[in-house]
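Please open the model in your viewer and keep a selection tool at hand. The tour below moves from one selection to the next and says what is to be found at each stop.

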Amino acid sequence: MLQGFTQGINIRIIGSSNLKGTMSEAVSQMDRFKASAKNLMKVGGWMLGVGSAMAGFAGLTVTSTNATTKALGEMASLGFNDLKSLERAAREFSNQFSGTTKSDFIAAAYDIKSGIASLSDTAVGEFTKIAALTAKATKATVADMTSLFATGYGIFKDFYSDLSDFEFGELFSGGIAAAVRAFKTPGPEMAASIENLGAMATSSLIPLEEQLTVLGMLQATMSGSEAGTRYRAFIKSAAKAGEEMGISFVDANNNLLPIPNILEKIRGKYGETVDAVEKMGMMKAFGRIEALNVVDLLMPKIDALKGNISDLGNAMRGGTATTLEMATAMNLDLGAVFGLLKQRVRNTFEVLGKTILPVVLPAVNAVSQAASVFQKWAASHPQLLKLGMGVTLIG
């Protein structure tokens, strides 16, 4: 009996030992599974994080360069070859003045090249820079100002045939900027006045400084487009009106006299003030109320008219000096400072993108492929993935 009792004790001890070993092994396996699950989730999280970071960087650099690349492609479609120089000019300008990005600059160059086909590649870049600088100085967009420069080239360049394209661009810029400053009118309004006036004044051999002065002074009481329309009506009817009034408004070559001279002749005939009967006679002579409005508005300001014409002529001869001074002043406010910072950062990402993307893209592809493999495994083992996530959260 004692022997049987002893054997029972041994069996229970052995059974207890086996149970403990089994439990220990189970706990060990659970710990290993838990660690594996955690590692699995870490791998998934790591791939997600790295993939997102790489995709974010790649996306940022691609976004920064995409607009520039598109604009350069459009320039190439026009047969423009010096793309590197144009891109360098765009980067330099957008690093210096807010409001015009690299892609804006290159798109403006497209408008310049389209509007002035005769410009060389070098002249296109320089002309665009001058137009963009003028836009900054006059509170206009670079698109508005490049359109005006293309129009202005067509209207005025033959009048200044002794100047190179670059010299004409500087002269035109100086005149526009000085007019905007002198007459307190924004660039887009000045552009509208020139476009509405068209080539009428230039074909009558009226110099640019006189045209800009008349247009600017008229804008004290009317819009730019209306100023252009009224000035055109005056030029169209002035010679005939002079004949009707018995006053010659032309020189020996039958070209219109400068407008201050015309106004002085009218004042010499009618005096400082014009009565109602005389006004009716003048209206009949000019034939259009728009033309007579120019006389009414400017005749009391003949001295100011002369002084402004002289001042604008001096500014034009100074090239872009006035334009640069105004653009620099426009670049100092807080909004301009932050805008410039944003442009510089974007330009930096473009440079980084061109340098680093060839290295980063293979790594992005590798992580992308690993993520694809992990994705397929997760789709094939949903229960295991759920269990792994649960264990990870509990742990």
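Helices are DSSP runs of H or I with at least four residues, strands are runs of E with at least two, and both are numbered from the N terminus. This is a predicted model, in which local features need pLDDT of at least 70 and side-chain atom pairs count only at pLDDT 80 or more, while totals for chains, interfaces and linings use all residues. Residues are numbered from 1 along each chain as its sequence is written, and side-chain values use heavy atoms, with hydrogens and water left out.

Begin with the whole protein chain, coloured by secondary structure, which comes to 17 helices and zero strands. Of its 395 residues, 41% are buried, where buried means under 20% relative accessible area, exposed means over 50%, and partly exposed lies in between (1.4 Å probe, protein chains only).

Next, select T213, which lies in helix α9 (residues 208-218). Is T213 buried or exposed? With a relative accessibility of 0%, T213 counts as buried, and, leaving out residues up to four places away in sequence, T213 touches F183, L305, N308, I309 and L312, a contact being heavy atoms within 4.5 Å.

Move to L148 in helix α5 (residues 142-156), another buried residue, with a relative accessible area of 0%. Residues up to four places away in sequence aside, L148 touches F172, I176, A191, I194 and E195. If you also display A131, the C-alpha to C-alpha distance from L148 is 8.5 Å, with the two positions 17 residues apart in sequence numbering.

Then select T202 in helix α8 (residues 200-203), which is buried with a relative accessible area of 9%. Apart from neighbours within four places in sequence, T202 is in contact with I155, F156, F159 and Q211.

For a view of helix packing, show α10 (residues 224-245) together with α12 (residues 276-286): their axes are 7 Å apart and meet at an angle of about 120 degrees. Axes here are lines fitted to C-alpha atoms, for helices over the stretch in contact, and angles run from 0 to 180 degrees between N-to-C directions. The two helices, α10 and α12, are therefore oblique to each other, since angles under 35 degrees count as roughly parallel, over 145 as roughly antiparallel, 65 to 115 as roughly perpendicular and the rest as oblique. The contact is made by F234, S237, A238, K240, A241, E244 and M245 of α10 and by M282, A285 and F286 of α12.

Turn now to charged side chains. A search of the whole structure finds nine salt bridges, each being a side-chain nitrogen of Lys or Arg within 4 Å of a carboxyl oxygen of Asp or Glu. Select E350 and K102, whose side chains meet in one of these, at 3.0 Å from N to O. This pair links distant parts of the chain, with E350 in helix α16 and K102 in helix α3 (residues 102-115), 248 residues apart. E350 counts as buried at 3% relative accessibility, and K102 is likewise buried at 3%. Adding E87 to the selection displays a network of salt bridges that links E87, K102 and E350.

Finish with R181 and E325, which form a salt bridge whose closest N and O atoms are 3.4 Å apart. Here R181 belongs to helix α6 (residues 165-183) and E325 to helix α15 (residues 321-330), 144 residues apart. R181 is partly exposed, with a relative accessible area of 39%.
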